[in-house]
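Trainee: I am new to this structure and would like to go through it slowly, one topic at a time. Could we begin once it is in front of us?

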Amino acid sequence: MNTPEIRLLSVDFDCPDPAELARFYGDALGLPVLYRSDDFVLLGREGAPGLGFVRQEGYRPPVWPDPHHSKQAHLELDVDDLDAAQERMLALGAVLPAFQPRPDAWRVLLDPAGHPFCLSTHGI
């Protein structure tokens with residue numbers, strides 16, 4: 001039996017408005033739209049994994065920080081300047097929550113649909 005090749009296609013986020021969330025991440029990361037419908041938008045570059053945004057009726061965002069309604073998953077974005085990157089993301093529509101566990105090392109922000117994501121200078 002041959003082992004099938006399995007590739008990551010996308011990481012998808014539930015949200016109330018796929019076009020709005022795709023605009024936010026597309027502008028932030030410089031990613032073009034690869035596919036668009038009323039209920040799904042896929043950002044990315046041909047041949048590479050992308051980010052997808054799926055319309056979910058009755059969507060309820062994660063709560064940060066709340067261990068009973070955890071974020072479950074989040075994006076970690078590498079930046080060269082925390083303050084400048086934070087200002088850019090806020091200008092695009094992100095929200096800065098009051099709780100910041102280590103603001104000197106990374107910043108937690110919320111995207112327009114309430115998903116937490118981090119800005120970090122840790123790089124790999």
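**Aromatic rings and the first helix**

Mentor: One aromatic cluster is formed by Phe 13, Phe 24, Tyr 25, Phe 53 and Phe 117. The model is predicted, so local features need pLDDT of at least 70 and side-chain atom pairs count only at pLDDT 80 or more, while totals for chains, interfaces and linings use all residues. Residues are numbered from 1 along each chain as its sequence is written, and side-chain values use heavy atoms, with hydrogens and water left out.

Trainee: How many aromatic pairs are there by the rule for rings?

Mentor: Rings of Phe, Tyr and Trp (its six-membered ring) pair if their centres lie within 6.5 Å, and planes under 30 degrees apart count as stacked, over 60 as edge-to-face and the rest as tilted. By this rule the count is eight.

Trainee: Which parts does the pair of Phe 13 and Tyr 25 tie together?

Mentor: Phe 13 and Tyr 25 are stacked, with 6.3 Å centre to centre and 15 degrees between the planes. Because Phe 13 lies in one element and Tyr 25 in another, the pair ties together parts that are twelve residues apart in sequence, namely strand 1 and helix 1. Helices (H or I, at least four residues) and strands (E, at least two) are DSSP runs, numbered from the N terminus.

Trainee: Why is the pair of Phe 13 and Phe 53 called stacked, tilted or edge-to-face?

Mentor: The ring centres of Phe 13 and Phe 53 are 6.1 Å apart and their planes are at 15 degrees, so the pair is stacked. Phe 13 lies in strand 1, and the element that holds Phe 53 is strand 4.

Trainee: Is Phe 53 buried or exposed, and what is its relative accessible area?

Mentor: Buried means under 20% relative accessible area, exposed over 50%, and partly exposed in between (1.4 Å probe, protein chains only). Phe 53 is therefore buried, its relative accessible area being 0%.

Trainee: Which residue caps the N-terminal end of helix 1?

Mentor: Helix 1 covers residues 18–29, and a side-chain oxygen of the capping residue lies 3.2 Å from the backbone nitrogen of Ala 19. That capping residue is Asp 17.

Trainee: In which strand is Leu 75 found, and which residues does Leu 75 touch?

Mentor: Leu 75 is found in strand 5 (residues 75–78), and counts as buried because its relative accessibility is 16%. Not counting residues up to four places away in sequence, and with contact meaning heavy atoms within 4.5 Å, Leu 75 touches Phe 13, Tyr 25, Leu 51, Pro 116, Phe 117 and Cys 118.

Terms used:
Expected span 1.5 Å × (residues − 1). Polar contact = N/O pair within 3.5 Å; in protein donor to acceptor, adjacent residues only side chain to side chain.
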